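Trainee: Could you take one part of this model and go through it closely? I would like one connected account, from that part out to its surroundings.

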Amino acid sequence: MADTKNVLVLENFIAGKFVSCASYLDSYDPSTGNVYCRVPDSGRDEVQAAVAAAQNAFPGWSSKSPQERSLIMNKLAELIEHDLEAFAQAESKDQGKTITFARMVDIPRAVYNFRFFASSILHHTTECTQMDHMGCMHYTIRTPVGIAGLISPWNLPLYLLTWKIAPAIASGNTVIAKPSEMTSVTAWMMCKLLDKAGIPPGVVNIIFGSGPKVGDALVSHPEVPLISFTGSTLTAQHIMERSAPYCKKLSLELGGKNPAIIFEDAKLEECIPTTVRSSFANQGEICLCTSRIFVQRSIYNEFLKRFVEAAKKLKVGSPSDPTADMGALISKEHLAKVSNYVKVAQAEGARILCGEGVDTLNIPSRNQTGYFMPPTVITDIQDDSCCMQEEIFGPVTCVVVFDTEEEVISRANSVKYGLAATIWSSNVGRVHRVAKRLQSGLVWTNCWLIRDLNLPFGGMKASGIGREGAKESYEFFTEVKTITIKH
Ligand code: NAD
């Protein structure tokens with residue numbers, strides 16, 4: 001590690017050692033626009049070195065018992081938890097999210113990811129059937145796939161990276177992980193704890209750099225048989241193409257355009273604060289965030305008034321301010337993209353009820369060059385507008401009116417994505433009916449983002465392929481084999 005002029009210089013982590021790189025990329029603090037760190041601009045050579053390290057480590061790691069791997073992973077969880085505050089500060093500075101969100105969500109969840117898979121790996125069983133008339137029994141075994149390539153996005157950096165590393169190593173694989181080039185710091189900090197936790201060299205290798213360069217090298221490497229990717233649908237299409245010649249195992253967790261459906265019998269006192277949170281948490285930069293709100297006509301005006309009042313109360317501030325509800329967006333380019341959606345909506349005749357172009361931000365002077373945007377609510381917008389069809393991935397949500405159950409199901413399903421939906425109603429029959437017909441991998445009713453990691457997570461349509469969870473991740477990171485014995 002080097003620390004020159006307060007700019008961190010990160011290094012790759014290969015075979016248990018930090019290794020410098022020939023060239024570096026700048027990574028910015030989104031709350032000021034200043035360079036925060038320099039990230040290795042890795043490519044094929046670094047991936048090749050990591051593949052060699054992961055291959056060497058595989059026989060030893062895969063032959064350890066689940067109990068041994070579990071103990072090591074629990075130790076790693078403990079070490080990250082011990083440094084929780086330092087990790088949270090780094091995540092907030094690197095990503096622009098509030099320190100409160102990093103402290104309460106990102107880092108505790110990264111810790112829990114290791115604890116959860118350290119525990120769940122102890123409880124899987126395989127199958128056995130008998131065929132007495134043939135004098136046979138059949139049974140299955142599961143073996144780790146080999147070297148897992150793991151690629152994660154910038155919105156929940158350590159949280160999503162560990163959601164992949166934990167099940168991969170628990171199942172006996174060795175890994176090469178590539179975090180987003182925009183948010184690499186906490187992954188690099190974690191590398192410093194791996195040896196202390198007892199993770200042997202080469203089991204976890206982390207290579208930093210850009211998607212088209214190092215990401216592509218990982219995806220197209222013939223010795224990496226499995227890729228777990230979380231990110232945009234467009235990048236997933238590249239990954240599918242690049243990995244197709246090798247028939248790799250792929251898990252793809254992609255974007256969303258998530259509806260909230262609010263029926264007239266919804267309990268608005270719970271629905272409104274939760275829908276404000278589901279629209280604007282982490283600046284709206286969560287794949288599960290609500291971006292289309294359908295409200296039944298009889299409560300539309302009341303909902304809209306109360307929703308906008310609540311959204312306006314959110315404090316956008318410096319990420320380090322513990323009273324801020326929202327921090328900065330990830331980058332200058334992303335801010336321009338998100339605010340452009342609002343301009344397009346306005347040009348189409350939609351109304352902007354609060355936020356971009358309507359409210360002025362009250363940001364401290366040191367943050368004037370940061371990438372901030374107020375929570376923005378759009379209404380009077382058509383379903384075919386790009387703001388209602390495309391993933392914006394920022395603090396922008398559209399509110400529209402509906403009349404019937406049948407109508408709202410069809411409109412909610414009329415996008416290419418199918419990740420998450422929320423339903424608000426006191427009618428249990430209606431909740432079951434609507435949940436069943438929504439094209440969505442996850443449906444929350446009268447709540448949002450309550451997760452049991454045991455259960456499958458993932459999307460349908462353009463939101464992804466495959467599911468992650470205790471059983472699903474175990475199945476993905478292992479190969480099953482059926483063995484038949486005749487006596
Ligand atoms: P992105 O697709 O631009 O990048 C994701 C990762 O892929 C990064 O590490 C990037 O460097 C890498 N990458 C880019 N091009 C690549 C290539 N050609 N080959 C290999 N790797 C490449 O996505 P992003 O902007 O970082 O993240 C935002 C997206 O992620 C949104 O669409 C969001 O919905 C999605 N997301 C989905 C989930 C989920 O669980 N479904 C969770 C979080 C974010």
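Mentor: Start with the kink in α10: the helix bends by about 30°, and the bend is centred on Phe 303. Keep in mind that this is a predicted model.

Now check the length. Helix α10 runs over residues 297–312, which makes 16 residues. At 1.5 Å a residue, those should span 22 Å. The end C-alpha atoms are 23 Å apart, so the length agrees with the expected span.

Next, which residues of α10 are buried? They are Phe 303, Phe 307 and Ala 311. Phe 303 is thus a residue to look at twice: the kink is centred there, and Phe 303 is listed among the buried residues of the helix. Look at the numbering too. An α-helix has 3.6 residues a turn, so residues three or four places apart point the same way.

What covers these buried residues? Strands and a helix both take part. The cover includes the strands β14 (258–262), β15 (290–296), β16 (351–354), β17 (376–379) and β18 (396–402). Helix α9 (268–280) is also part of the cover.

Stay with α9 and β15, and look at the loop between them. Asn 282 is found in this loop, and so is Gln 283. Most residues other than glycine have a negative phi. Asn 282 departs from that, with a positive phi near 55°. Gln 283 has a positive phi too, of about 60°, although it is not a glycine.

Are these two loop residues buried or exposed? The cut-off for buried is 20 or more other C-beta atoms within 10 Å. Asn 282 has 22 within that distance, so Asn 282 is buried. Gln 283 has 32 C-beta neighbours inside 10 Å, so Gln 283 counts as buried as well.

Now step back to the whole chain. Domain 1 takes in 8–254 + 463–486, and domain 2 takes in 258–458. The C-alpha centres of the two domains lie 30 Å apart. Across the boundary, 27 residues of domain 1 are in contact with 31 residues of domain 2.

Which elements of domain 1 give two or more residues to that contact side? They are α3 (84–95), α4 (99–120) and α15 (470–476). The largest share comes from α4, with 4 residues. By type, the domain 1 side divides into 8 nonpolar, 13 polar and 6 charged residues.

Terms used:
Residues are numbered from 1 along each chain as its sequence is written. This is a predicted model: local features need pLDDT of at least 70, side-chain atom pairs count only at pLDDT 80 or more; totals for chains, interfaces and linings use all residues. Domain bounds come from an automatic or database domain assignment. Two residues are in contact if their C-beta atoms, placed from the backbone, lie within 7 Å. Ala, Val, Leu, Ile, Met, Phe, Trp, Tyr, Cys and Pro count as nonpolar, Asp, Glu, Lys and Arg as charged, and the others, Gly among them, as polar. The expected span of a helix is 1.5 Å times one less than its number of residues. The bend at a residue is the angle between axes fitted to the seven residues ending there and the seven starting there. A residue is buried if 20 or more other C-beta atoms lie within 10 Å of its own, exposed if 12 or fewer, and partly exposed in between; C-beta atoms are placed from the backbone.
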